[in-house]
Amino acid sequence: MTSWRDAGVDYHDSVADLIGGTPLVRLRSVTAGLSATVLAKLEYLNPCGSVKDRIARRMVESAERDGRLRPGGTLVEPTSGNTGLGLAMLAQQRGYRAVFTCPDKVSPDKIRVLRAYGAEVVVCPAAVPVDHAESYRSVSDRLAREIPGAVKLDQYSNPDNPASHYHGTGPELWAQTAGRITHFVASIGTGGTISGIGRHLKEVSDGRVRVIGADPEGSVYSGGTGRPYLLEGVGQPGLPASFDPGVPDEILAVPDAESLALTVRLAREEAMLVGGSGGLAVAAALRTAAKLGPDALVVVLLPDSGRGYLSKIFDDRWMARYGFSEEPGAGPRYRDLLRTAEPLVTVGPDDTVEQAVKVLHERGLPGAPVTAAEAPVRSGEILGSVRTGALAEALLGGRALAGTRAAEVMGPVPPFAGAGERVIPGSGPLTDGGFALVLEAGLVRAAVTAHDVLRHWQTHPPTGDA
């Protein structure tokens, strides 16, 4: 049989052989006015589109070596998508079954790609505590126990996560910059990337390289309480074992609005289509570079491709719906209704039906969102809703008592309306006679009803352009 390699044919035996070796590209537009050089490491050029390909390969190979993962076995993993994609690729190549659990804030695009590789996906609520039975991590634990031959590699505690970057990405980056790197910036998810790369760079530079983490506002890495945010795959409600808190010199909290704006700018100004974690990291890199001179060389890692977010960050309607952009066109906006709308009234999940009915009756409201959070409430903290009609039917039908918890009888999460969206008669979230929550940069500003629209139009009559 002909040996094509001996004949000079250049090829790989598997797409997994293409993991690593990602290039550095200088940022030019978003860095205008800065003296420091900022280079982006394009990890979205890995075969499955993210930096997580690296840890997936090392975790699988380690599990095979120590006998935990056997032929025909099943990989079970909690993931926001990217680690799952790397594992799904390896499972397909090596003959394993793949079962993943994802929080419901993961974009539909990512879930479709996981399933395209042949993986099974179980979607779990994102707004529950990490130790809740229905959280995506708890469900993965249960599946790993129930499925014969299943192995949960657990990127959150697996030492091969940071090790893959300490032995691979870190040395690669040091060689690419000829040891001239002065600052390394990365968003923090499981913590493995920044811990592994950062530790290597600090060791080889005798501590000269500064390591900066980028964290969504609300995450615990930057001192938050773990309150939800809209970015995927970054931040945590608690510190995972894969994160070494001694590695970062500084961790910057970045609000969703700043991260999302830079994600869009990277696509439109740098031709880099990346996910929100990339925008988050670049936001932190620009803050860092703004304090530095021309001798500084800042490297920022862009973790994944924006192709997994086409229905969210790169969808104008989604951005407007969550209050991050303005819907085009003339006419009144939902933010105009905030001038006359009542202050936000919420019902707690542990409040009784009697308490809910009382507050709705006293305020003359058709309903209210259910949340345990204090103001400002974030969109991801809305658990559901209670409405006067539904509560009355539940009481009269015997499905609830006055002392029943609101969480037991609540309906779905109310519709959202972005502050910059247009109020169009006969369409939109208020057509069912209920209420909508007005969002500004992902924060709930008020609940509005059709009466708020009428009240606004009494003082600001609609024109032919409305």
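This section describes the overall dimensions, two of the sheets, one residue of the N-terminal segment, and the internal spaces of a predicted model.

The secondary structure of the protein chain amounts to 14 helices and 15 strands. Along the principal axes, the C-alpha atoms occupy a box of roughly 80 × 60 × 45 Å. The radius of gyration of the protein chain is 25 Å, which agrees with the value near 23 Å that a compact globule of 466 residues would have.

Strands of a sheet pair through backbone hydrogen bonds, in either the parallel or the antiparallel sense. One open sheet is built from four strands in the order S5-S4-S3-S6, and its pairing is parallel. Its edges are formed by strand S5 (120-124) and strand S6 (150-152), each of which pairs on one side only. From one strand to the next, the twist of this sheet averages 20°. Within the sheet, strand S3 (residues 74-78) is joined to strand S4 (residues 97-103) by five bridges in the parallel sense. In this pairing, Pro 78 is placed opposite Thr 101 in S4. The sheet also carries a packed helix, H3 (residues 108-116), which touches S4 and S5. The direction of helix H3 makes about 155° with that of S5.

A further open sheet contains three strands, ordered S13-S14-S15, and its pairing is mixed. Strand S13 (416-418) and strand S15 (443-449) each have a single partner strand, so one side of each is left without a neighbour in the sheet. Neighbouring strands here are turned against each other by 35° on average, direction ignored. S13 and strand S14 (residues 435-440) run parallel and are connected by three bridges. Phe 416 stands opposite Leu 437 in S14.

Outside these sheets, Trp 4 was examined in the segment that precedes strand S1 (24-26). When neighbours within four places in sequence are set aside, the contacts of Trp 4 are with Val 9 and Tyr 11. Ser 242 is 238 residues from Trp 4 in sequence, and the C-alpha atoms of Trp 4 and Ser 242 are 42 Å apart in space.

The empty space in the model was also examined. Rolling a probe the size of a water molecule over the atoms shows where such space is left. The second largest pocket holds about 480 Å³ of space. Its lining comprises 20 residues, and those nearest the centre of the pocket are Asp 104, Lys 105, Ala 126, Tyr 322 and Gly 380. By residue class, this pocket lining divides into 15 nonpolar, two polar and three charged residues.

As for cavities, the structure holds one of 30 Å³ or more. The volume of the largest cavity is about 60 Å³. The largest cavity is lined by Leu 230, Leu 231, Glu 232, Leu 260, Tyr 309, Lys 312, Ile 313 and Trp 318. Six of these lining residues are nonpolar and two are charged, while none is polar.

Notes
Residues numbered from 1 in each chain as written. Predicted model: local features only at pLDDT ≥ 70, side-chain atom pairs only at ≥ 80, totals over all residues. Heavy atoms only, no water. Pairing = 2+ DSSP bridges. Helix = DSSP H or I, 4+ residues; strand = E, 2+ residues; numbered from the N terminus. Axes fitted to C-alpha atoms, helices over the stretch in contact; angles between N-to-C directions. Contact = heavy atoms within 4.5 Å. 1 Å grid on protein atoms, 1.4 Å probe; cavity = no way out; pocket = protein on both sides within 12 Å on 5 of 7 lines; lining within 4 Å. Points joined across faces, edges and corners; volume = space filled by probe spheres on them. Nonpolar A, V, L, I, M, F, W, Y, C, P; charged D, E, K, R; others polar. Rg over C-alpha atoms; globule rule 2.2 N^0.38 Å.
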